[in-house]
Amino acid sequence: MANSKARPGRRPASANGGRAAGGAASRSARTVAAVSATPTSNRVARPAAQAAEPEPAEDELIEEEEQQQEARSSGQPLWLQITAFVLAILGLVISAYETYAHFNGSHLAGCPTGGNGTFNCTAVITSSQSMVFGVLPVAVLGLAFYVAAVPLFSPWAWRMKRREVHLLRLVSVIAGMGFVMYLIYAELYQIGDICEYCTGVHIVTFVLFCITVFSAAIWGLGPRRE
């Protein structure tokens, strides 16, 4: 009798134990679900963050390229612009003086009048080779060249963004240098005398030629129009 009474008393305890076990199982299931959910969210977030990381790097590269383009488009340094401008003015002054001496038949100051193979400016500026096709004096051509060169080699012209201006400057010095080569040949092999003032103009033209070609190679001729 005692055993039969004791057995029914144990059933509530097993029921409570089942409920406790069931609650623990549900809690563990929730914990596992929460833990499993956390790495998944991290895995999803990390690739998105990694994909967004290259954008600042690309922006920095674009900004650096823009800065380089801006530095290139800023053009020639000021010292080069001023040097070219001063040389153009010097060439204009010498050419104007030679033109004046050509039409007035006067002796150029400081230039000797020796024989063949020496400096003789008067013989050079009054020779037949000093006239182009026997009509136009070479001194006038030099004067016209430098009248156009002064504004073309001014700092304002160097800073212009128009490609035509820089292209015209380059073409003019190439043509001027070609004419200078002819004049040197005429002085040495046809006239037999050398003009100091002409040599000065030749040197100025050569330096302007070097500056212009160097500038075109480094900074270009300006943007093309579309």
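Helices (H or I, at least four residues) and strands (E, at least two) are taken here as DSSP runs and are numbered from the N terminus. The structure is a predicted model, in which local features need pLDDT of at least 70 and side-chain atom pairs count only at pLDDT 80 or more, while totals for chains, interfaces and linings use all residues. Residues are numbered from 1 along each chain as its sequence is written, and side-chain values use heavy atoms, with hydrogens and water left out.

The chain contains 8 helices and 2 strands, and along the sequence these elements follow the pattern α-α-α-α-β-β-α-α-α-α. Burial is expressed through relative accessible area, where buried means under 20%, exposed over 50%, and partly exposed in between (1.4 Å probe, protein chains only). On this scale, 28% of the 226 residues of the chain count as buried. Contacts, defined as heavy atoms within 4.5 Å, were also considered by their separation in sequence: of those in the chain with a separation of 6 or more, 72% are accounted for by residues 24 or more positions apart.

Helix 7 spans residues 163-191 and has 29 residues. The expected span of a helix is 1.5 Å times one less than its number of residues, and the 40 Å from the first C-alpha of helix 7 to its last is close to the 42 Å expected. Helix 7 is followed by G192, whose phi is positive, near 85°. At the end of the helix, I191 counts as buried because its relative accessibility is 17%. When residues up to four places away in sequence are not counted, I191 touches A123, V124, S127, Q129 and A186. The C-alpha atoms of I191 and S130 are separated by 9.6 Å, although the two residues are 61 residues apart along the chain.

The structure holds 1 salt bridge, that is, a side-chain nitrogen of Lys or Arg within 4 Å of a carboxyl oxygen of Asp or Glu. This bridge joins E164 to R162, with the closest N and O atoms 3.9 Å apart. E164 is partly exposed, with a relative accessible area of 38%, and R162 likewise counts as partly exposed, at 39%.

Helix 8 covers residues 196-219, and the distance of 34 Å between its end C-alpha atoms agrees with the 34 Å that its 24 residues should span. Its buried residues are Y197, C198, V201, H202, V204, T205, L208, I211, T212, S215 and A216, and they pack against helix 3 (78-104), helix 4 (121-125), helix 5 (138-152), helix 6 (155-158) and helix 7. F206, also in helix 8, counts as partly exposed because its relative accessibility is 41%. The C-alpha atoms of F206 and V173 are 8.2 Å apart in space, with their positions 33 residues apart in sequence. After helix 8 comes G220, whose phi is positive, near 80°.

A nonpolar core is a set of buried Ala, Val, Leu, Ile, Met, Phe, Trp, Tyr and Cys residues joined through side-chain atoms within 4.5 Å. The largest such core has 29 residues, of which L108, Y146, F153, C195, Y197 and L208 touch the most other members. Helix 3, helix 4, helix 5, helix 6, helix 7 and helix 8 each supply at least two residues of this core. Beyond four places in sequence, C195 touches E98, L108, F119, C121, V124 and E187.

Two residues of helix 3 illustrate contrasting degrees of exposure. T99, in helix 3, counts as buried at 10% relative accessibility, and outside its neighbours within four places in sequence it is in contact with A139, V140 and L143. A polar atom of the T99 side chain lies 3.1 Å from the backbone oxygen of A139. F103, found in helix 3, counts as exposed because its relative accessibility is 56%. With residues up to four places away set aside, F103 touches P137 and V140; F103 and V140 are 37 residues apart in sequence and 10.0 Å apart from C-alpha to C-alpha.

Rings of Phe, Tyr and Trp (its six-membered ring) pair if their centres lie within 6.5 Å, with planes under 30 degrees apart counted as stacked, over 60 as edge-to-face and the rest as tilted. By this rule the count comes to 7 aromatic pairs. In one of them, the rings of F214 and W219 have centres 5.9 Å apart and planes at 80°, so the pair is edge-to-face. F214 is partly exposed, with a relative accessible area of 45%.

Key
Polar contact = N/O pair within 3.5 Å; in protein donor to acceptor, adjacent residues only side chain to side chain.
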